[in-house]
Amino acid sequence: MMSIEGLEVWYGKILAVDGISIKVENGEIVGLIGPNGAGKSTILNTIIGVVKPKKGKITLNGDSLVDLPTYEIIKKGVTIAPEGRKLFPFLTVEENLLMGAINGEAWKKRRDSLEFIYSKFPRLKERRMQLAGTLSGGEQQMLTIARALMASPKLLLIDEPSLGLAPKISLEVYKLIKSLRDENRITILLSDQNAKRVFQISDRAYIIENGRIRMEGCSEELAKNDEVRRVYLGL
Ligand SMILES: Nc1ncnc2c1ncn2[C@@H]1O[C@H](COP(=O)(O)OP(=O)(O)OP(=O)(O)O)[C@@H](O)[C@H]1O
Ligand SMILES: [Mg+2]
């Protein structure tokens, strides 16, 4: 479905992504695992067109995304729940959700999208008139993902969903992410430093270090690898 080949991304003189190739098939959950500064967010931000690559191809079902502006990429069915949530704290939950639908066709379908989201996230429905900045960390993360669903993505990118969350809450967020694939057939590419969580729900994963792929494979196999266990799972 989505394919990245030989991606190279620079910030001025800093090489952040150094020749990475990644594939995501329809219906998969694929994880990007790696320490601070590995290049995970850069990869996701490049797919969504916020960051432009120096080299490499990114295609969605064969169509190139590289030269498209972000709103066109969203129209093609890719959305992002960004790192650090990036909500509008002084807008309500519902207003934040509607911000995820201001793009093109999504606005026409906003009522159906809201209905779907409120059935999927009953807690957001209860709190729909509450200011986003007053939600708990877990609720804010749910809202970030829900906002990204307002444009009906086929491929959902999620950057560090467990950031700053207590283990119990991050588990709840991860279960929800898995259900988006299992029940709503949304393909997911997510990044997290929390390898344990990623392995729990992903089919395949890439371990990124210094802008390069260190290891890749089926999550079940990776989670058994000695080095992965020691470095990423602390076992
Ligand atoms: N806007 C920017 N300007 C300059 N350098 C940047 C910028 N964004 C990221 N970098 C650099 O690019 C490299 C990769 O950063 P990136 O944010 O992609 O890593 P990450 O794997 O998402 O890390 P984290 O786990 O901390 O979120 C880092 O060295 C970082 O300092
Ligand atoms: Mg990041």
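Okay, let's start with a question: is Ala 195 buried or exposed? Ala 195 counts as buried, because its relative accessibility is 1%, and the cut-off for buried is under 20%. Before I go on, please keep in mind that what you see above is a predicted model.

So, a bit more on that alanine. Ala 195 belongs to helix α9, which covers residues 195-201. Take Glu 220 as a partner: the two residues are 25 apart in sequence, and their C-alpha atoms are 12 Å apart in space.

Now the ligands. Ligand 2 is a magnesium ion, and the protein gives it two donors, Ser 41 through OG and Glu 83 through OE, at 1.9 to 2.0 Å. Where do Ser 41 and Glu 83 sit along the chain? Ser 41 is in helix α1, while Glu 83 is in the loop between β6 and α3, so the pair ties together parts that are 42 residues apart in sequence. As for its surface, Glu 83 is partly exposed, at a relative accessible area of 30%.

Then there's ligand 1. It has 13 residues around it, and the closest are Asn 36, Gly 37, Lys 40, Ser 41 and Thr 42. You'll have spotted Ser 41 there, which is also one of the magnesium donors. Glu 83 turns up again as well: one of its polar side-chain atoms is 2.9 Å from an oxygen atom of ligand 1. Glu 160 has an N or O atom in its side chain at 3.2 Å from an oxygen of ligand 1. With Ala 38 we're talking about the backbone, where an N or O atom lies 3.1 Å from a ligand 1 oxygen.

Let's stay with helix α1 for a moment, since we've just met Ser 41 there. How many residues of α1 are buried? Six of its eight, so the helix is mostly covered. Those buried residues are Lys 40, Thr 42, Ile 43, Leu 44, Thr 46 and Ile 47. After the helix comes Gly 49, with a positive phi near 85 degrees.

Next up, pockets. The largest pocket holds about 430 Å³ of space. It has 22 lining residues, and those closest to its centre are Ile 74, Ile 80, Pro 82, Gly 100 and Arg 147. Which elements give two or more residues to that lining? They are α1, α2, β6 and α7, with α2 running over 70-75 and α7 over 137-149. By class, you get 12 nonpolar residues, six polar and four charged.

The second largest pocket has about 210 Å³ of space. Among the residues lining it are Ile 74, Lys 75, Lys 76, Gly 77, Asn 103 and Glu 105. Ile 74 is a name you've heard already, from the centre of the largest pocket. Helices α2 and α4 each supply at least two residues here. The class count for this lining is three nonpolar, three polar and five charged.

One residue from that second lining deserves its own mention, and that's Ser 152. What is its phi? For Ser 152 the value is near 45 degrees, which is positive, in a residue other than glycine. Ser 152 sits in the loop between α7 and β7, and it is partly exposed at 34% relative accessible area.

Asn 210 has a positive phi too, near 50 degrees, and again this is a residue other than glycine. You'll find Asn 210 in the loop between β9 and β10. Is Asn 210 buried or exposed? Asn 210 counts as exposed, because its relative accessibility is 70% and the cut-off is over 50%.

Just past that loop, let me point you to Gly 217, in strand β10. Gly 217 counts as partly exposed, at 23% relative accessibility. If you pick out Gly 137, which is 80 residues away along the chain, the two C-alpha atoms are separated by 31 Å.

Last stop, strand β2, which covers residues 14-24 and includes Leu 15. Leu 15 is partly exposed, at 33% relative accessibility. From Leu 15 to Asp 159 there are 144 residues along the chain, and their C-alpha atoms are 20 Å apart.

That's my tour, thanks for listening!

How values were computed:
Residues numbered from 1 in each chain as written. Chains lettered and ligands numbered in written order. Heavy atoms only, no water. 1 Å grid on protein atoms, 1.4 Å probe; cavity = no way out; pocket = protein on both sides within 12 Å on 5 of 7 lines; lining within 4 Å. Points joined across faces, edges and corners; volume = space filled by probe spheres on them. Helix = DSSP H or I, 4+ residues; strand = E, 2+ residues; numbered from the N terminus. Nonpolar A, V, L, I, M, F, W, Y, C, P; charged D, E, K, R; others polar. Donors = N, O, S within 2.8 Å, 3.2 Å for Na, K, Ca; no water. Buried < 20%, exposed > 50% of the residue type's maximum accessible area, 1.4 Å probe, protein only. Near = heavy atom within 4 Å. Polar contact = N/O pair within 3.5 Å; in protein donor to acceptor, adjacent residues only side chain to side chain.
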